[in-house]
Amino acid sequence: MVVEESANMHHYHSHNNNSLELTECAMPIGRTVKTALLRAQSEARVIVGLSAAINTLSKSPEGSLFCLMAVPKDGDSATHMHEVLLEAFCYENDIYVIKVDDATKLSRILGQESIESCCLIQKTWAGEQNEEQLNKAENQLVDYCEAHWDAPQHPIVQLPAV
């Protein structure tokens with residue numbers, strides 16, 4: 001299956017032999033992801049790690065805006081199964097899932113010593129009505145996610161090198 005996008009972005013093409021091939025275009029969505037991550041982290045709104053993400057979502061899924069998941073490495077079927085279930089849970093609860101190309105880059109952006117394959121960005125609430133507030137990078141990511149919400153296969157965002 002080939003995923004073609006009219007917007008400029010990084011994504012993978014899947015061929016009959018099930019290999020993935022990264023194709024690069026001009027849109028800096030990876031930099032937007034990094035910007036959103038760093039801002040949320042500075043505001044203590046990032047939950048890092050698969051176990052922590054699952055624990056947080058089981059208690060209050062309505063508080064999460066994005067779930068970032070790195071492409072799983074071949075051979076780690078237990079982690080892959082957890083990630084598939086987490087992804088399904090996120091879609092069921094209207095949490096945007098963003099797949100990224102590399103757990104090491106994701107971990108470095110977050111300043112983690114260990115390699116983490118997943119993180120959540122929590123929502124920001126403000127005002128008298130306690131309404132959800134998004135910054136510029138988060139708005140751009142919501143638009144990106146909405147454009148791919150119904151796609152059978154989501155593009156994989158290439159994070160910038162750290």
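In this predicted model, helices α2 and α3 pack with their axes 11 Å apart and at an angle of about 30 degrees. Because angles under 35 degrees count as roughly parallel, α2 can be described as roughly parallel to α3. The crossing in which α2 passes α3 is left-handed. On the α2 side, the contact is made by Leu 50, Ile 54 and Leu 57; α3 contributes Thr 79, His 82, Glu 83, Leu 86, Phe 89 and Cys 90.

A closer look at α2, which spans residues 50-59, shows how its two sides differ. Leu 50, Ala 53, Thr 56 and Leu 57 are buried. These residues lie on the same side of α2 because they cover an arc of only 130 degrees around the axis. Their cover includes the helix α3 (77-92) along with β3 (46-48), β4 (64-70) and β6 (118-122). Ser 51, Ser 58 and Lys 59, by contrast, are exposed and sit on the face of α2 turned away from its buried side.

Turning to the interior, the largest nonpolar core has 26 residues. Val 33, Leu 37, Phe 66, Leu 68, Ile 98, Val 100 and Leu 106 are those with the most contacts inside this core. At least two core residues come from each of α1 (29-42), β4, β5 (96-100), α4 (103-109), β6 and α5 (136-148). Val 33 offers a good example: neighbours within four places in sequence aside, Val 33 is in contact with Leu 68, Ile 98, Leu 141, Val 157 and Leu 159. There is also a second, separate core of 11 residues, with Met 69, Leu 86, Cys 90 and Leu 120 among them.

Note on methods: Residues are numbered from 1 along each chain as its sequence is written. This is a predicted model: local features need pLDDT of at least 70, side-chain atom pairs count only at pLDDT 80 or more; totals for chains, interfaces and linings use all residues. Side-chain values use heavy atoms; hydrogens and water are left out. Buried means under 20% relative accessible area, exposed over 50%, partly exposed in between (1.4 Å probe, protein chains only). Helices (H or I, at least four residues) and strands (E, at least two) are DSSP runs, numbered from the N terminus. The arc is that of the directions from the helix axis to the C-beta atoms. Contact means heavy atoms within 4.5 Å. A nonpolar core is a set of buried Ala, Val, Leu, Ile, Met, Phe, Trp, Tyr and Cys residues joined through side-chain atoms within 4.5 Å. Axes are lines fitted to C-alpha atoms, for helices over the stretch in contact, and angles run from 0 to 180 degrees between N-to-C directions. Angles under 35 degrees count as roughly parallel, over 145 as roughly antiparallel, 65 to 115 as roughly perpendicular and the rest as oblique. A crossing is left-handed if the near helix is turned anticlockwise from the far one by less than a right angle, and right-handed if clockwise.
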